[in-house]
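Below is a short report on one chain. Fold, burial and backbone angles are taken in turn.

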Amino acid sequence: MGQVKINTWDLVGAYPVCGACGSSKVRRDAWAEWNMATREWELQNIFDDFCCDNCGLAGLPERKVDEEFRRKRIRRLNDALRHGQVKHGAIVITAGPQAKDEAFLGQATRAIAAIDMFSEDNDPHGEHDFGALDLEGEKLVWITSTAA
Ligand SMILES: [Zn+2]
(Lines give C-alpha, C1' and ligand atoms only; values in the text may rest on other atoms or scores of the structure.)
Protein backbone atom coordinates (compact mmCIF):
# COMPACT_ATOMS: atom_id res chain seq x y z
CA MET A 1 0.00 0.00 0.00
CA GLY A 2 1.48 3.36 -1.05
CA GLN A 3 1.58 6.45 1.07
CA VAL A 4 -0.99 9.14 0.52
CA LYS A 5 0.70 12.52 0.09
CA ILE A 6 -1.19 15.22 1.97
CA ASN A 7 -0.67 18.87 1.19
CA THR A 8 -0.69 20.38 4.67
CA TRP A 9 -1.98 23.65 3.29
CA ASP A 10 -5.18 21.83 2.30
CA LEU A 11 -5.56 20.93 5.98
CA VAL A 12 -5.82 24.52 7.24
CA GLY A 13 -9.16 24.56 9.01
CA ALA A 14 -9.52 20.78 8.63
CA TYR A 15 -10.68 18.63 11.52
CA PRO A 16 -11.36 14.90 11.91
CA VAL A 17 -14.88 13.45 11.98
CA CYS A 18 -16.24 9.93 12.22
CA GLY A 19 -16.78 8.43 8.78
CA ALA A 20 -19.87 6.55 9.99
CA CYS A 21 -21.87 9.06 12.04
CA GLY A 22 -20.13 12.39 11.27
CA SER A 23 -19.44 13.15 14.93
CA SER A 24 -16.39 15.27 15.77
CA LYS A 25 -16.08 13.43 19.14
CA VAL A 26 -13.23 11.24 17.97
CA ARG A 27 -10.13 9.95 19.76
CA ARG A 28 -6.71 8.65 18.81
CA ASP A 29 -4.27 6.77 20.98
CA ALA A 30 -1.20 8.75 21.95
CA TRP A 31 1.91 8.41 24.03
CA ALA A 32 2.92 11.09 26.53
CA GLU A 33 6.13 11.32 28.52
CA TRP A 34 6.72 13.15 31.81
CA ASN A 35 9.16 16.06 31.53
CA MET A 36 11.07 16.60 34.79
CA ALA A 37 12.10 20.13 33.78
CA THR A 38 8.63 21.47 32.95
CA ARG A 39 6.76 19.13 35.36
CA GLU A 40 4.21 18.40 32.67
CA TRP A 41 3.21 15.55 30.38
CA GLU A 42 4.46 16.11 26.83
CA LEU A 43 2.90 14.49 23.80
CA GLN A 44 5.49 12.26 22.11
CA ASN A 45 3.53 10.40 19.45
CA ILE A 46 0.03 10.03 18.04
CA PHE A 47 -0.86 6.56 16.79
CA ASP A 48 -3.09 5.51 13.92
CA ASP A 49 -5.78 3.91 16.12
CA PHE A 50 -8.95 5.94 15.98
CA CYS A 51 -12.27 5.58 17.77
CA CYS A 52 -15.55 7.49 17.64
CA ASP A 53 -16.97 8.33 21.09
CA ASN A 54 -20.44 8.65 19.59
CA CYS A 55 -20.90 5.36 17.69
CA GLY A 56 -17.81 3.34 18.59
CA LEU A 57 -16.45 3.06 15.06
CA ALA A 58 -12.78 2.07 14.97
CA GLY A 59 -11.07 3.04 11.74
CA LEU A 60 -9.64 6.06 10.00
CA PRO A 61 -11.39 9.39 10.46
CA GLU A 62 -12.57 11.55 7.60
CA ARG A 63 -11.86 15.27 7.40
CA LYS A 64 -14.13 18.27 7.21
CA VAL A 65 -12.94 21.81 6.63
CA ASP A 66 -14.05 24.80 8.67
CA GLU A 67 -14.12 27.31 5.81
CA GLU A 68 -14.51 30.34 8.09
CA PHE A 69 -11.49 29.30 10.18
CA ARG A 70 -9.53 28.73 6.95
CA ARG A 71 -10.51 32.15 5.53
CA LYS A 72 -9.55 33.91 8.78
CA ARG A 73 -6.18 32.12 8.92
CA ILE A 74 -5.37 33.07 5.32
CA ARG A 75 -6.47 36.66 6.02
CA ARG A 76 -4.18 36.85 9.09
CA LEU A 77 -1.23 35.51 7.07
CA ASN A 78 -1.87 37.96 4.23
CA ASP A 79 -2.19 40.90 6.65
CA ALA A 80 0.98 39.81 8.47
CA LEU A 81 2.89 39.71 5.17
CA ARG A 82 1.71 43.20 4.19
CA HIS A 83 2.72 44.46 7.66
CA GLY A 84 6.20 42.90 7.42
CA GLN A 85 5.51 40.42 10.23
CA VAL A 86 6.17 37.18 8.33
CA LYS A 87 9.60 35.54 8.60
CA HIS A 88 9.14 33.11 5.72
CA GLY A 89 7.40 35.31 3.18
CA ALA A 90 8.76 36.63 -0.08
CA ILE A 91 7.92 39.90 -1.80
CA VAL A 92 8.22 40.03 -5.56
CA ILE A 93 8.26 43.41 -7.27
CA THR A 94 7.50 43.54 -10.97
CA ALA A 95 9.67 45.47 -13.43
CA GLY A 96 7.57 48.67 -13.47
CA PRO A 97 7.84 49.56 -9.77
CA GLN A 98 11.36 48.11 -9.64
CA ALA A 99 12.48 50.78 -12.10
CA LYS A 100 11.49 53.44 -9.57
CA ASP A 101 13.78 54.65 -6.79
CA GLU A 102 14.01 53.32 -3.22
CA ALA A 103 11.91 56.18 -1.86
CA PHE A 104 9.02 55.26 -4.16
CA LEU A 105 9.27 51.58 -3.20
CA GLY A 106 9.33 52.51 0.49
CA GLN A 107 6.25 54.68 0.05
CA ALA A 108 4.50 51.89 -1.86
CA THR A 109 5.32 49.33 0.83
CA ARG A 110 4.03 51.61 3.59
CA ALA A 111 0.89 52.48 1.61
CA ILE A 112 0.09 48.82 0.99
CA ALA A 113 0.70 47.97 4.65
CA ALA A 114 -1.64 50.77 5.73
CA ILE A 115 -4.61 49.55 3.67
CA ASP A 116 -7.40 48.48 5.98
CA MET A 117 -10.53 49.27 3.99
CA PHE A 118 -11.65 45.85 2.80
CA SER A 119 -15.24 45.16 1.78
CA GLU A 120 -17.33 42.66 -0.17
CA ASP A 121 -16.65 44.77 -3.29
CA ASN A 122 -12.84 44.78 -3.14
CA ASP A 123 -12.32 41.59 -1.13
CA PRO A 124 -15.06 39.11 -2.08
CA HIS A 125 -13.26 36.07 -0.57
CA GLY A 126 -12.40 37.89 2.68
CA GLU A 127 -8.73 36.97 2.42
CA HIS A 128 -7.17 40.48 2.07
CA ASP A 129 -5.14 39.16 -0.87
CA PHE A 130 -5.51 41.83 -3.54
CA GLY A 131 -5.68 45.57 -3.89
CA ALA A 132 -4.86 48.59 -5.99
CA LEU A 133 -3.78 52.12 -5.16
CA ASP A 134 -2.59 55.30 -6.81
CA LEU A 135 0.82 56.60 -5.79
CA GLU A 136 2.48 59.63 -7.37
CA GLY A 137 0.30 59.25 -10.46
CA GLU A 138 1.11 55.55 -10.83
CA LYS A 139 -1.51 52.81 -10.52
CA LEU A 140 -0.14 49.98 -8.35
CA VAL A 141 -1.68 46.54 -7.94
CA TRP A 142 -0.64 44.19 -5.16
CA ILE A 143 -1.45 40.50 -4.75
CA THR A 144 -0.57 38.05 -1.99
CA SER A 145 -0.48 34.33 -2.49
CA THR A 146 0.09 31.54 -0.02
CA ALA A 147 1.99 28.38 -0.78
CA ALA A 148 2.98 25.40 1.31
ZN1 LIG B 1 -19.22 7.73 14.86
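How many residues does helix α1 have, and how far does it reach from its first C-alpha to its last? Helix α1 covers residues 67-82, 16 residues in total. Its reach is 22 Å, close to the 22 Å expected at 1.5 Å a residue. The expected span is 1.5 Å times one less than the number of residues in the helix. Helices here are DSSP runs of H or I with at least four residues, strands are runs of E with at least two, and both are numbered from the N terminus.

This is a predicted model, in which local features need pLDDT of at least 70, side-chain atom pairs count only at pLDDT 80 or more, and totals for chains, interfaces and linings use all residues. Residues are numbered from 1 along each chain as its sequence is written.

**Overall layout**

The protein chain holds three helices and six strands. From the N terminus on, the order is β-β-β-β-α-α-α-β-β. The domain assignment gives domain 1 (8-65) and domain 2 (67-143); such bounds come from an automatic or database domain assignment. The centres of domain 1 and domain 2, taken over C-alpha atoms, are separated by 37 Å.

The radius of gyration of the protein chain is 22 Å, but a compact globule of 148 residues would have one near 15 Å. The radius is taken over C-alpha atoms, and the globule rule is 2.2 Å times the number of residues to the power 0.38. Along the principal axes, the C-alpha atoms fill a box of roughly 65 × 40 × 35 Å.

Burial covers 7% of the 148 residues. A residue is buried if 20 or more other C-beta atoms lie within 10 Å of its own, exposed if 12 or fewer, and partly exposed in between, with C-beta atoms placed from the backbone. Contacts are counted next: two residues are in contact if their C-beta atoms, placed from the backbone, lie within 7 Å. Among contacts between residues at least 6 apart in sequence, 61% join residues at least 24 apart.

**Helix α1**

Which residues of α1 are buried? They are I74, N78, L81 and R82. These residues cover an arc of only 100 degrees around the axis, which puts them on the same side of α1. The arc is that of the directions from the helix axis to the C-beta atoms. An α-helix has 3.6 residues a turn, so residues three or four places apart point the same way. What covers the buried residues of α1 includes α3 (102-114).

E68 also lies in α1. E68 is exposed, because 10 other C-beta atoms lie within 10 Å. E68 and K100 are 32 residues apart in sequence, and their C-alpha atoms are 39 Å apart in space. After α1 comes G84, with a positive phi near 70 degrees.

**The β5-β6 hairpin**

Strand β5 (residues 130-135) pairs with β6 in the antiparallel sense over six bridges. Two strands pair if DSSP finds at least two bridges between them. G131 stands opposite W142 in β6. Two residues sit between the strands of this hairpin, and E136 takes a positive phi near 50 degrees. Strand β6 (residues 138-143) is hardly covered, with zero buried residues among its six.

**Loop residues**

Most residues other than glycine have a negative phi, and most peptide bonds are trans. Phi is positive in R39, near 60 degrees, and R39 is not a glycine. H128, also a residue other than glycine, has a positive phi near 50 degrees.

Where do these two residues lie? R39 is in the loop between β2 (26-35) and β3 (40-52). H128 is in the loop between α3 and β5. D123 is in the loop between α3 and β5, and N122 lies there too.

The table gives the C-beta neighbours within 10 Å for these loop residues.

| Residue | C-beta neighbours within 10 Å | Class |
|---|---|---|
| R39 | 7 neighbours | exposed |
| N122 | 12 neighbours | exposed |
| D123 | 16 neighbours | partly exposed |
| H128 | 21 neighbours | buried |

Not counting residues up to four places away in sequence, D123 touches F118 and H128. N122 and A132 are 10 residues apart along the chain, and 9.3 Å separates their C-alpha atoms.
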